Amino acid sequence: MSDNSSGKLAPASILAHGGGGIDPATGAVVPPIHTATTFARDTDYRLTSAAHIYSRDDNDLARQIESLIARLENGTDTRLFSSGMAAIAATIRTVRPGGTILAQSGIYWGTTSWLRKHCAHSGIALIEAEASDTERFRETLRESGPDLVFLEAPSNPWLAVADIAAISEAAHQSGALVAVDATAATPLLMKPLDLGADIVLHSATKAMNGHSDVLAGVATCRDADSDAWRFIREERHDAGAVLAPFEAYLLLRGLRTLSLRMERMCASAQTLAERLAAHPAVETVLYPSLRGHPTHAAAKAQMLGGYGYLMSILVRGGAEEALGVAGRLQLIKRATSLGGVESLVEHRHTIEGDATGVPVNLLRISIGIEDVDDLAADLEAALAPLTSA
Ligand code: PLP
């Protein structure tokens, strides 16, 4: 595929064309799916194409998506993975036994849970610290001298946005790398590499694909020549957590509409956050655009043109009331995950138990692309019995 970029295109334009162009051989506006796992050599044992040996690392579609994402992130190199966790795990494994990881607390439970097990197995010291208080976090960083600082912004399910620039500055002074999982922002709403981070990660399973039908992950670096990036590249290739061609195709198709979906999802999330904040059955709304959110200032300074599609609400009452609200929702589906075109609700305490301090009355809501008044009506009907009780 030829590159259709002339000058600096806006992300929406790059995405609409899937980061590619017209295939000069056929005129195709959509790239083909190459399912071959291996590529033939000629009679002199030369490769037919130097870039194609074996599909674990030689897939044109994956390469097209990787260069598209590198462009969106202002990064120098990108690798797709078979899931968000695979991308996170490859990044975490850059820290060798005997090393130290400083991880933000209150982030995606799957990451915390894997980090705890992995560090215990591997003789790595793991420090978990709240990142909303920048000065305290920087102090912990200076005291512990980690090899890697792991942040998630906005965090799931607290929607906390750490001050990536301030933390990256302190990390670099201490010789640590900074990785940021920006899944809930997508590359459209936050550019962690521009803020000083070394690696940006996403679960592309979420809004980047957007249709709840692909598991995928992605890592992008600021410095493609760094030892950490060399390790991550090799880990992806040698340990084999690659994205298969059909999944890559679906991911690219999803990415083409990312900017439209994000526009709708962010606008609806904002409207719903405001309405829910005024609702008598809701104790608190956690959404970074709201002035009352503890990290509103950092979100405002670092997020670009929207605050995302994810929010949490603390329902007045306890587990029973929160589960009752979830159970009465009709349009919004009760399911884990986020970032899809359909809105989803999840009672995180049911999943995490007491391991992370998630309140029993917290419901995490991922806003999709449905009509916003239908979503508001669904939420209001589910909350109504709590106000009449
Ligand atoms: N990061 C965040 C913020 C997530 O919410 C999730 C999954 O929910 C992941 C990473 C893991 O991604 P995956 O399910 O694609 O492995």
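Helices here are DSSP runs of H or I with at least four residues, numbered from the N terminus. The model is predicted: local features need pLDDT of at least 70, side-chain atom pairs count only at pLDDT 80 or more, and totals for chains, interfaces and linings use all residues. Residues are numbered from 1 along each chain as its sequence is written, and side-chain values use heavy atoms, with hydrogens and water left out.

**Exercise 1. Characterise the largest cavity.**

Solution.
- Start with the term. On a 1 Å grid over the protein atoms alone, a cavity is a set of points where a 1.4 Å probe fits but cannot get out; lining residues have an atom within 4 Å of a point.
- Get the volume. It is the space filled by probe spheres set on the points, with grid points joined across faces, edges and corners. The largest cavity holds about 70 Å³.
- List the lining. Among its residues are Ser55, Arg56, Asp57, Arg63, Glu66, Arg236 and Leu243.
- Assign elements. Helix H2 (residues 60–73) gives the most, three residues.
- Sort by class. Ala, Val, Leu, Ile, Met, Phe, Trp, Tyr, Cys and Pro count as nonpolar, Asp, Glu, Lys and Arg as charged, the others, Gly among them, as polar. The lining has six charged, three nonpolar and two polar residues.

**Exercise 2. Describe the second largest cavity.**

Solution.
- Count first. The structure has two cavities of 30 Å³ or more.
- The second largest cavity encloses about 40 Å³.
- Its lining consists of Leu272, Arg275, Leu276, His279, Ala376, Leu379 and Glu380.
- Helix H10 (258–277) and helix H14 (372–388) each supply at least two of the lining residues.
- By class, four are nonpolar, two charged and one polar.

**Exercise 3. Map the largest pocket.**

Solution.
- A pocket is an open set of points with protein on both sides within 12 Å along at least five of seven lines.
- The largest pocket has a volume of about 370 Å³.
- It is lined by 24 residues; closest to its centre are Tyr108, Asn156, Ser203, Lys206 and Leu338.
- Helices H3 (84–92), H4 (109–122) and H13 (348–352) give two or more residues each. H3 has the largest share, three residues.
- Domain bounds come from an automatic or database assignment. Domain 1 (11–255) and domain 2 (258–386) each contribute at least three lining residues.
- The classes split into 10 nonpolar, nine polar and five charged.

**Exercise 4. Classify the packing of H5 on H6.**

Solution.
- Axes are lines fitted to C-alpha atoms over the stretch in contact, and angles run from 0 to 180 degrees between N-to-C directions.
- Helix H5 (residues 134–144) meets helix H6 (residues 164–173) at about 15°, with axes 10 Å apart.
- H5 is therefore roughly parallel to H6 (angles under 35 degrees).

How values were computed:
Parallel < 35°, antiparallel > 145°, perpendicular 65-115°, else oblique.
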